[in-house]
Amino acid sequence: MHRFNYRFVFSSIGLVLMIEALFMLFSALIGEYYNESAVRSIYISSIVTSLSGTFFMFLGRKKYKRSGNITKREVYITVTAVWLVLSVYGTLPYLLSGSIPSFTNAFFESMSGFTTTGSSTLFDIEAFPKSLHFWRNITQWIGGIGIVIFVLSFMTVFGSVSVHFYEVESIGIAEDLFRPRIKEVSKNIALTYVALTIIGFFFLWAGPMDAFDAACHTFSAISTGGFSTKQYSIASFNSPFTEYVITLLMFFGATNFLLISAIFSKFSFKMLKNEEFRWYVSLIMLFTIGITGALLATGQMSDIEETFRTVLFQVVSAITTTGYATVDFLAWGPFYWLLFLVLILFCGCEGSTSGGMKISRLVVLAKNSLLVFKRQVHPNALYMVKINNKVVSNDSISKVIAFVFLYIFVTIMSAVILSLTGMTFEESISVALSSISNYGLGLGSYGPSGTFESATVFAKYFLSFLMLVGRLEIFTVLSLFVPSFWKR
């Protein structure tokens, strides 16, 4: 009978806390440079986090080294616990400095950062200390790379062709891109992530941003997080160059990192032939051209280049679940709200930092639905769903259907619960979908010009839970509430 490997869980939490403490020190250095009073609080936070990490590693010092002793239970619990613990300790710089005195608001801000959601309770963002701005944005950078690397690191437990946390097995890319050892794949992805971050930083620094703003916005753009150091987000810089660079960073952040790393490591451009990527680009082009044409035709905007740039930015921001804004698109009208809600429903590519259902699932659903019609006409014919000319197994299709059902069901039930906290119908639906998709913006009071400060205490914790559920792909967290999950 298998015994639960709690040492594995503790040692994993301890290691992650040590890494978090190190990143806190980077934020403290920013505080030293700008001579801020918050720097002392960040040092204390780093020490407390480091000591806690040491304690957890001590508890797990006799961890089992053989992967055979690690099952789905350990992995699911570890991943969920890691994100929770990261978020709890991530509140320390906010609380100890007094910048966010409420634990509820600090936890909401921290969870929003690590899940790359981008929702915020801050009113006067520009009055926030720069060192804590750096911490807010780097939490998104950590969360962005974490969901990719952390998941891939555990793939050896189950085999090299099964990505359990994305719940879609081998959607046409596994055979080519999972062939190397997992450590090599993870290393390639990490290097790609860092390379894109460095390139993005220098491009943004070449524009109107100073080095600090360039670093912060690069962290949140490549991680598709959406935190900004400015009250009016990217619009504050009033720079077409900056908007185009941010658009590209968001675009690459929501692209499958395995495909991007193949370009850097093998000079392979198979990404252009990848079906999910082609759907991703096609959706962006379709929505951008359609909305641009509609805004110009109705006279809401007049300059063609400005309209195209603005719409492209908002479409990419929505489909990548980043949540940046250069305009208050709520003023465009309900028709456009609906289009953006559709975009944040399916979002970016599998294996990216984006939230949402992922386009790979959209492709599987669309093709499977088409085959249902064909089978009605030709019931004896043998039809199969194929992605990139590879057959998708019935088991994978059933998982996709189950995932989509749970995603929609949880969103609807969450909207009902949020409506009981005083949110309007539009607000509850949009905020529920936005949180589980890690987008960050809603409608009404929670739109581009609003904050989540007015939400009730219960709503903030509930939305934090939704952020976590969405970030860890539904099944990882919800499995913990199934009684059979805990049976030996």
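Colleague: If helices are DSSP runs of H or I with at least four residues, strands are DSSP runs of E with at least two, and both are numbered from the N terminus, how many of each does the protein have?

Modeller: The protein has 20 helices and two strands. This is a predicted model, in which local features need a pLDDT of at least 70 and side-chain atom pairs count only at pLDDT 80 or more, while totals for chains, interfaces and linings use all residues. Residues are numbered from 1 along each chain as its sequence is written, and side-chain values use heavy atoms, with hydrogens and water left out.

Colleague: What pLDDT does the protein average?

Modeller: The average pLDDT, which is the predictor's confidence in each residue on a scale from 0 to 100, is 86, and 89% of the residues score at least 70. Over residues 63–68 the pLDDT stays under 50, and the model has seven contacts (heavy atoms within 4.5 Å) for them beyond four places in sequence. Residues 154–180 also have a pLDDT below 50, and that stretch has 78 contacts in the model beyond near neighbours in sequence.

Colleague: And how much of the protein is buried?

Modeller: Taking buried as under 20% relative accessible area, exposed as over 50% and partly exposed as in between, with a 1.4 Å probe and protein chains only, buried residues make up 59% of the 488 in the protein. Among contacts between residues at least 6 apart in sequence, 74% join residues at least 24 apart.

Colleague: Which residues touch the most other members of the largest nonpolar core?

Modeller: A nonpolar core is a set of buried Ala, Val, Leu, Ile, Met, Phe, Trp, Tyr and Cys residues joined through side-chain atoms within 4.5 Å. The largest one has 139 residues, and those touching the most other members are Tyr280, Ile291, Trp332, Phe340 and Leu463. Helix H3 (residues 72–89) gives the largest share of this core, ten residues.

Colleague: What is tyrosine 280 in contact with?

Modeller: Once its neighbours within four places in sequence are left aside, tyrosine 280 is in contact with Met250, Phe251, Ala254, Thr255, Ile319, Thr320, Gly348, Cys349 and Ile359.

Colleague: Changing topic, how many cavities of 30 Å³ or more does the structure hold?

Modeller: The structure holds three of them. On a 1 Å grid over the protein atoms alone, a cavity is a set of points where a 1.4 Å probe fits but cannot get out, a pocket is an open set with protein on both sides within 12 Å along at least five of seven lines, and lining residues have an atom within 4 Å of a point. Grid points are joined across faces, edges and corners, and a volume is the space filled by probe spheres set on the points. By that reckoning the second largest cavity has a volume of about 60 Å³.

Colleague: What lines that second largest cavity?

Modeller: The lining is Phe329, Trp337, Phe340, Leu341, Ile344, Ser430, Tyr439, Leu441, Gly442 and Leu443, and its largest share, four residues, comes from H15. If Ala, Val, Leu, Ile, Met, Phe, Trp, Tyr, Cys and Pro count as nonpolar, Asp, Glu, Lys and Arg as charged, and the others, Gly among them, as polar, this lining has eight nonpolar, two polar and no charged residues.

Colleague: Leucine 338 lies in H15 as well, so is it buried or exposed, given its relative accessible area?

Modeller: Leucine 338, in helix H15 (residues 334–346), is exposed because its relative accessible area is 52%. Leucine 338 and serine 430 are 92 residues apart in sequence, with 9.6 Å between their C-alpha atoms.

Colleague: How much space lies in the second largest pocket?

Modeller: About 550 Å³ lies in the second largest pocket. It is lined by 32 residues, of which Gln231, Ser233, Pro448, Ser449 and Gly450 are the closest to its centre. By class, this lining has 13 nonpolar, 16 polar and three charged residues.

Colleague: Where is asparagine 388, between which strands?

Modeller: Asparagine 388 is in the loop between strand S1 (386–387) and strand S2 (390–391), and its phi is near 55°, a positive value in a residue other than glycine. Most residues other than glycine have a negative phi. Asparagine 389, in the loop between S1 and S2 too, also has a positive phi, about 65°.

Colleague: Are asparagine 388 and asparagine 389 buried or exposed?

Modeller: Asparagine 388 is buried because its relative accessible area is 16%, whereas asparagine 389 counts as exposed because its relative accessibility is 75%.
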